[in-house]
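Me: Please take a close look at the nonpolar core of this model. I should like a connected account that also places the core in the setting of the rest of the chain.

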Amino acid sequence: MLKFEIEKKSGLARAGIIHTPHGDIKTPAFVGAATRATVKALTMKEMRELGSQAILANTYHLLLAPGTDLIKKAGGLAEFSSWHGPTFTDSGGFQIFSLPDVKITENGAKFKSHINGDKFEMTPESSMQAQWAIGADIHMAFDQLARSENKKDMEEAMHRTHRWLDRCVEEHHRLLKSNACSEQYLYAVVQGGTFNDLRAESAKYSAAKDVDGFGIGGVFVADGMAEMLQTVNNILPENKPRHLLGMGQEPIDLILGAENGCDTFDCVAPTRMARNGSLYTLDGRINIKNAKYKDDFTPLMPECDCECCKNYNKAYLHHLFKTDEITAKVLASIHNEHFVVKLVDNIRESIMNDTFEKYKNEFLKRYYK
RNA sequence: GCUGGAAUCGUCUAGUGGCAAUGACAAGAGACUGUAAAUCUCUCGCCUUCGGGCUUCGUAGGUUCGAGUCCUACUUCCAGCA
């Protein structure tokens, strides 16, 4: 069983430590999205230096390239990528949702590779096997998310997720046993969309399973998220960690997520937006490509101690973006990733100090003014 | 000086009698949430009550219902010959 220690509680919020074979994660924590075993535009050294504690890679992408066997041969994700810290893998479930030409059957999902059109099928078992080969510390159950106003569709996807969960749990334990290994861990994924009764049902179902933690999936907007998380996290066992899948573009997502009992987060938005010139500041997100920054020689965010803010100014960043220099994306990604990592670290600190409410109010008041 | 050729939005460019005029870049703005994202969208002559109105394709004339497109002259540039 994955060791999770709770150090401090405040309502549903908690500060804790997840002990993984590759090191500890002090939670709440923002996990870097390293879909193809790399955080786009950043080196692992840069990730460590900006304060990241863990990364999350994607089974679907690594299956296509370079192949999960190759990662196993390399010694696993941590060794292969030179990220010598805690790792997660997402199951590939999100890709069922996001790729075109996906056929879902009870057995699994049939995809076409977006790279060369190769057809292949992913099942709960094959996802577990692939994640086993990749060798991350924490694996996600293979789920089916949906985005629908139609409750029946949602319910159907949720029930399939539950049936798949049973198969994931079985296959996960079979793999552990047959390889005489106990150092890989499985999270169930809670679904149910915007329907809180379905969320409750999914949380109950997942809570009863022999898993090490929980992913909360299929969340697309902050609207109604707090209530949904309250529903789910009041049901999930307190002593197991919870990961809010894919949320974190907006600081409020992370604040509400932590406030309502989530321990870890991952999101592609900070680095994607960085590459597109949209940068976080304490006063809200700015587009550094805007003409008004052409001769603004002040730091992007004076309060920030990232490499970008400590050494460069807005006019320089603006110039790098306008001339499409690679360094623009590097510096911007360092800053945005640092911003969200630090934000969640600050949330943790405020929970530890009993100042969460104050931190939250001050942050939100300034950011969304 | 002669003979060809060429002049269209900030730049390059499409255009061969129905045109406010093609495409690219540049410029201006927006989007992005378990990454098919170094991506995508919108604006880009002026005005507008969004119906439309007005002024544009080197300059000035002309032919035509209608001209960026055909004709004449001029201006500038390019190539070749002197």
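Reply: Helices and strands are here DSSP runs, H or I of at least four residues for a helix and E of at least two for a strand, numbered from the N terminus. The model is a predicted one, in which local features need pLDDT of at least 70 and side-chain atom pairs count only at pLDDT 80 or more, while totals for chains, interfaces and linings use all residues. Residues are numbered from 1 along each chain as its sequence is written, and chains are lettered from A and ligands numbered from 1 in the order in which they are written.

The whole chain comes before the core. Chain A contains 15 helices and 16 strands. Its radius of gyration, taken over C-alpha atoms, is 20 Å, close to the 21 Å that the globule rule (2.2 Å times the number of residues to the power 0.38) gives for 369 residues, so chain A is as compact as a globular protein of that length. Along the principal axes, the C-alpha atoms of chain A fill a box of roughly 60 × 45 × 40 Å. A residue is called buried if 20 or more other C-beta atoms, placed from the backbone, lie within 10 Å of its own, exposed if 12 or fewer do, and partly exposed in between. By that criterion, 51% of the 369 residues in chain A are buried. Two residues are in contact if their C-beta atoms, placed from the backbone, lie within 7 Å. Among the contacts in chain A with a separation of 6 or more, 68% are between residues 24 or more positions apart.

The core itself can now be described. A nonpolar core is a set of buried Ala, Val, Leu, Ile, Met, Phe, Trp, Tyr and Cys residues joined through C-beta atoms within 7 Å. The largest such core has 100 residues, and Ala141 and Val344 touch the most other members. Helix 14 (residues 326-352) supplies the largest share of this core, 12 residues. Domain 1 (53-267) and domain 2 (268-354), whose bounds come from an automatic or database domain assignment, both give residues to this core, so it lies between them. If residues up to four places away in sequence are left out, Ala141 touches Ser91, Trp164, Leu165, Cys168, Leu186, Tyr187, Ala188 and Val189. There is also a second, separate core of 7 residues, which includes Phe94, Ala157, Met158 and Leu198.

The meeting of the two domains deserves similar attention. The centres of domain 1 and domain 2, taken over C-alpha atoms, are separated by 29 Å. Their contact takes 8 residues from domain 1 and 7 residues from domain 2. On the side of domain 1 that touches domain 2, the elements that give two or more residues are helix 10 (251-259) and strand 14. Helix 10 gives the most to that side, with 4 residues. The residues of this side divide into 6 nonpolar, 2 polar and no charged, where Ala, Val, Leu, Ile, Met, Phe, Trp, Tyr, Cys and Pro count as nonpolar, Asp, Glu, Lys and Arg as charged, and the others, Gly among them, as polar. Helix 10 is mostly covered, with 8 of its 9 residues buried; among them are Leu254, Ile255 and Leu256, together with Asp253 and Glu259. Just after helix 10, Gly261 takes a positive phi of about 95°.

Strand 14 also belongs to the surface near RNA strand B. A residue is near a strand if its C-beta atom, placed from the backbone, lies within 6 Å of it. RNA strand B is surrounded by 47 residues, and the closest are His114, Leu145, Gly246, Val268 and Ser278. Strand 5 (55-58), helix 5 (93-98), strand 14 (264-267) and helix 11 (269-275) are the elements that give two or more residues to this surface. Helix 11 provides the largest share, 5 residues. By residue class, the surface divides into 19 nonpolar, 18 polar and 10 charged.

Some backbone features lie in loops. The peptide bond from Ala65 to Pro66 is cis, with omega near 5°, and Pro66 is in the loop between helix 2 (59-64) and helix 3 (68-74). A cis peptide bond also joins Thr27 and Pro28, with omega about -5°; Pro28 lies in the loop between strand 3 (23-27) and strand 4 (29-33). Ser82, although not a glycine, has a positive phi of about 65°, and counts as exposed because it has 12 C-beta neighbours inside 10 Å.
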